[in-house]
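Me: I'd like to go through this model with you and ask how each label is earned. Could you set the values against the criteria as we go?

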Amino acid sequence: MLYIKCPYCGMRSQNEFAYGGDANVKRPELNEEVSDKIWDEFVYLRKSPRGKHIELWHHISGCRQWFKVQRDTTTHEIFRTAAINEDIK
Amino acid sequence: MSQEYRLDKVGLVNRDKKISFKFNGKKYFGYEGDTLASALIANGVHLVGRSFKYHRPRGFFGAGVDEPYAIVQLYRNGETDPNCRATEQELFEGLEAKSVNCWPSVNFDIGAINNFLNIFLPAGFYYKTFMWPRSFWYRIYEPFIRKAAGFGSASKKHDKERYEHKYEYCDLLVTGSGPSGLASAYSAAKNGAKVILAEDKPRFGGSLLTSEANIGNQSGKEWAEKIISELQEMPNVTVKNRSQVFGYYDHNMLVMSERISDHLPETKKFTPKQRLWYIRAKEVAISSGSIERPIVFGNNDTPGVVLSSAAKEYLKVYGVLVGKKPLIFTNNDSAYETAIEFKKNGITPVVLDSRSNPDSEIISEAVSMDIDIRFSHVVVAAKGYKKVKKAEITKISEDKNELGKIENINCDCICVSGFWTPTIHLSSQSGNKTKFDEKIDAFIPGKSKQNETTLGSANGVFNLEDTLKTSFEAGYEISKKITKNDNKISIPQSYEKKQSKHDKFWCVPLPKNKKYKRFLDFQNDVSVTDIELALREGYRSIEHVKRYTTLGMATDQGKTSNLNGLQLVSSIENKVVPSVGHTTFRPPYTPVCIGAIVGREIGKHSKPTRKSPMHSWHEKNNAVFVDAGVWLRPRYYKRGNENLFLASKREAENVRKNVGVCDVTTLGKIDVKGPDAAEFLNRVYTNAWLKLPIGKARYGVMLREDGIVMDDGTTTRISENHYHMTTTTAQAANVLSHLEYYLQVVWPKLNVNVVSTTEQWAGAAIAGPKSRLLMQKLFKDLDVSNESLPFMGYVESNLSGVPARIFRISFSGELAYEVNVESDNGNFMWEKIMEAGQEFQIQPYGTEALSTLRIEMGHVAGSELDGRTIPYDNGLDGLVSKKKDFIGKRSLIRKAFTAKDRQRVVGVVPLDKKTSIPEGSHLVKDAKAKLPNPKLGHISASCWSVEHNNPFSLAILKDGKNMIGQKLFAMSPLKNKTIPVEIVSSHYVDPKGERVRS
Ligand SMILES: [Zn+2]
């Protein structure tokens, strides 16, 4: 079970959180004209990288904030977590 | 019966406390502190089971977790447990155990014929034989294998024992209480660290219990006792025996099973049988020790062939002799300790040492005690069927290829030592690579991946002085890092006999013309020839060899067999062991009771139960409840002998005719507040929200980004910046997460907050033609006329002084209202409604009537909004705004979603107007068409229409729009029904929606 640092609550066990997928996905703007390809990529296509991955987690059994986690997908090592409005380089 | 293999005065068992137990129906005695194994050996019982494949006789091989043979069916306090290791099961008064895998008895086992047919049971036998013909699998092969294989049988009764889970945090978790565990725990604890020390066995001390070493001018055992009692007194230390740390998971989460009551005749009141600890440790000291490995020789599975260290443990801990004429076969010095121990107790062993000329302190001591030692000698084969009677022994050449003349030697046990294998399971589970240590011919942990360090013999360090030094230092360094304290304690002096180098020898070659079986895996009956065959057949990867031969796949997970298996593969392949590699060490290290894994989350505790504030009223009024997610909701209220059908029909009819009331507390409720709330709703829902006036409700549909309907419900504008959203019961949690995602991640600039208010409000839906009369009576000061409170209107009022929210919304298609009061007033509201409703013939109605009412009016719900349908499919396309953008809109123009013959919700009526159509039935054109019969749609919901008094269903049907009036068949192969049906409009009641607006 992972041990995740919520930026607001501190270290908590994984069972308090829900996984939210790739944090780098950017929703097209409202009313923006987008091609089928771009829309399909946004809705369906996700990279499945081996190694470092910046992803969203949701502290559902805690503060209910969504936040970012940089995690190694093979070792589960977590390098850092950050609030949504912070960047992880 | 006398314990003829028990020594007087030797050992740690309590001679004052005699314990009686039964094995295979026969009564025996042992002592408090015995294991079932030690007590049986003391009584001269060496035959305890039959092997997995060949049903060969099985005795005892080890004295702990590594035991491959002595697996019994245990009976305790009216319960039974299969797969119980006799070497670990402590004796208690009244214990009963039986042999497994033998029929009709352990002494005469019919399956043993497999032993003589063994040429038919080679490696891969199951794969090769039970494959064809395929049709034989379920009826013939599988039952045969299931009967022939497996150890014991699980109880079919509900387990009445209680199991618990516990979460714990510590600075340092120490796994094992041998010298390295005690040293690291003690020095860390003395430096202020919060320490948990876990020991699998009942007694602390590990190898110190049986060694002759001295630490700090006392025996190792005394030193261990002193350290343990000191640790037990320290407030920052938790010391646990009978506790196995069996799994090392991510981020230093370790799981430990504590056997609290397994050693007692019955579990004490208010204590669990076992407790599973989830331990989040800042650091872990893996001090799990090492396991002696066997040397492979002919018939090495005969009862009486035991590990030399086990023989020593039976002797020193239990005062029990594994035999009175021991033959000791070794390639290293440690077996001499066993030999000396026998000799000290008046038993003269013969020692065969594969080495030609070893020289060490302990060998000199053995020589001086007149022990018969034969260098360059090996055991070729054990003789005897149910117990060792003799051994064939011989001289072996320096290169270990040539055997000399074979001679027979009488013996009743063979104590074998092939050196030591570090227990690296936890380290490997942590993610560490392993490395092969040539000095000890075994794998040791590589670089640490998590915050853990492996100490002592688990790390390949077999020397006490080094072990103590590194472990004391590790405990200090780890604790210093965490506590920042600097209290370093001195390392005690230790003394043990110096050991000489072991011999790399591990397998005795077969003499010419002899075909002795030489076993590697004792539990799964995998022999040298099985591995050879697998390699001849082309298996190379050690993982494949394992699965093909089942080497290491038994309940002992190859603790004594894996390394010898690797040695064999590497010698055949002419590779070095590290390039062959090893199979993965997966948790659990030892079998874990399923009950412990489940813990308290069983039966009704497997999920939380949510009840509405009116629950007790429903109970008192004969409600029959149904699970709705985690909620309990009244399904119907039973009167007299009514069944579900009659009761729900009565309730639904009463709504259509008079007035009914339904508990709708479970609906999800979300407060949406903030200056941008309208804009947010406008983006979330498919329809327009910017112009909703205060005091009005609106029905809305929300989509996922892929265009699929996520949920529906009404949202009411309470005040300028405050909206009250409702969701379906099932989707409430998902909708809240969905809203939070868009507010926090996608549109953080929107000034809106959302919070669940589901539990703050109790809700009652009042529906039926007489509902306005009832409302007027309930709210005397309120004008509830259609003009003042029209359909989709909202008003706040009070119910006999209790603040209430009144929504004029309808799920039933009738004139209806929903009243919300604060939860604490829910029951008050309900009773008021029932009381006032009497004169209008009010009846409460449950979810079944609720479904009937919504189905016959064609109101889509969860069975249509099933995660596969878009608004069009549900007839909700009128609610999709063309003007504004919203979540999921872009997906709705995908080709499949705009296809001319797109599926759509329709009504379905059986032609005979009698036969109810099973939900899930497929709609087809031709009932007799060849399979696969093209499916046009499926029945999503069925009811008995109270309006028309015949069955009615909703269906999602291909090209549903143009199918009205068509005749099709509803087919349910599950229920074996084919029903001719007609497709009608989904709005079977009041298609123009006049009643809700009346
Ligand atoms: Zn949080």
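Reply: Happy to, and keep in mind that this is a predicted model. Let's begin just after helix α23(B), where G858(B) takes a positive phi of about 80 degrees.

Me: And the helix before it: what makes α23(B) largely enclosed by the rest of the structure?

Reply: Buried means under 20% relative accessible area. Eight of the 10 residues of α23(B), which spans 847–856, are buried, so the helix is largely enclosed by the rest of the structure. The buried ones are T847(B), A849(B), L850(B), T852(B), L853(B), R854(B), I855(B) and E856(B).

Me: What covers the buried residues of α23(B)?

Reply: The cover includes the strands β32 (623–628), β33 (631–637), β34 (660–663), β47 and β48 (950–957), together with helix α18 (644–657), in chain B.

Me: How much of chain B counts as buried?

Reply: Of its 998 residues, 59% count as buried. The secondary structure of chain B comes to 23 helices and 50 strands, and its C-alpha atoms fill a box of roughly 115 × 70 × 55 Å along the principal axes. Among contacts between residues at least 6 apart in sequence, 66% join residues at least 24 apart.

Me: Let's turn to the metal. How do you know which protein atoms are donors of the zinc ion?

Reply: For zinc, a donor is an N, O or S atom within 2.8 Å of the metal. The SG atoms of C6(A), C9(A) and C63(A) and the ND1 atom of H59(A) lie 2.0 to 2.3 Å from the ion, and these are its protein donors. Along the chain they follow the spacing C-x2-C-x49-H-x3-C.

Me: Why is the arrangement around the zinc ion called tetrahedral?

Reply: Four donors count as tetrahedral if all angles lie between 85 and 135 degrees. Here the four donor atoms subtend angles of 106 to 116 degrees, so the arrangement is tetrahedral.

Me: What makes C6(A) and H59(A) a pair that ties together parts apart in sequence?

Reply: C6(A) lies in strand β1 (residues 3–6), while H59(A) lies in the loop between β4 (52–58) and β5 (66–72) of chain A, so the pair ties together parts that are 53 residues apart in sequence.

Me: Are C6(A) and H59(A) buried or exposed?

Reply: The cut-off for buried is under 20% relative accessible area. C6(A) has 1%, so it is buried. H59(A) has 0%, so it is buried.

Me: Back in chain B, which are the edge strands of the open sheet β21-β22-β23, and what makes them edges?

Reply: The sheet has three strands in the order β21-β22-β23, with antiparallel pairing. β21 (377–383) and β23 (407–410) of chain B each pair on one side only, and these are the edge strands. The twist averages 35 degrees from one strand to the next.

Me: How do you know that β21(B) and β22(B) pair?

Reply: Two strands pair if there are at least two bridges between them. β21(B) and β22(B), the latter covering residues 390–395, have six bridges in the antiparallel sense. As an example of the register, V378(B) stands opposite T394(B) in β22(B).

Me: Which residues touch the most other members of the largest nonpolar core?

Reply: L327(B), F329(B) and I414(B) do, out of 79 residues. Leaving out residues up to four places away in sequence, L327(B) touches V350(B), L352(B), V379(B), A391(B), I393(B), I409(B), C411(B), C413(B), I414(B) and C415(B). Apart from that core lies another of 31 residues, including M775(B), Y817(B), I833(B) and M834(B).

Me: What makes a positive phi or a cis bond worth pointing out?

Reply: Most residues other than glycine have a negative phi, and most peptide bonds are trans. H76(A) is not a glycine, yet has a positive phi of about 70 degrees; D370(B), also not a glycine, has one of about 65 degrees. The peptide bond from P587(B) to P588(B) is cis, with omega near 0 degrees, and the one from L931(B) to P932(B) is cis, with omega near -5 degrees.

Me: Why is H76(A) called partly exposed and D370(B) exposed?

Reply: Exposed means over 50%, buried under 20%, and partly exposed lies in between. H76(A), in the loop between β5 and β6 (78–83) of chain A, has 24% relative accessibility, so it counts as partly exposed. D370(B), in the loop between α9 (361–368) and β20 (372–375) of chain B, has 62%, so it counts as exposed.

Methods:
Residues numbered from 1 in each chain as written. Chains lettered and ligands numbered in written order. Predicted model: local features only at pLDDT ≥ 70, side-chain atom pairs only at ≥ 80, totals over all residues. Heavy atoms only, no water. Donors = N, O, S within 2.8 Å, 3.2 Å for Na, K, Ca; no water. Tetrahedral: all angles 85-135°; square planar, octahedral: opposite > 155°, others 65-115°. Helix = DSSP H or I, 4+ residues; strand = E, 2+ residues; numbered from the N terminus. Buried < 20%, exposed > 50% of the residue type's maximum accessible area, 1.4 Å probe, protein only. Axes fitted to C-alpha atoms, helices over the stretch in contact; angles between N-to-C directions. Core = buried A, V, L, I, M, F, W, Y, C linked by side-chain atoms within 4.5 Å. Contact = heavy atoms within 4.5 Å.
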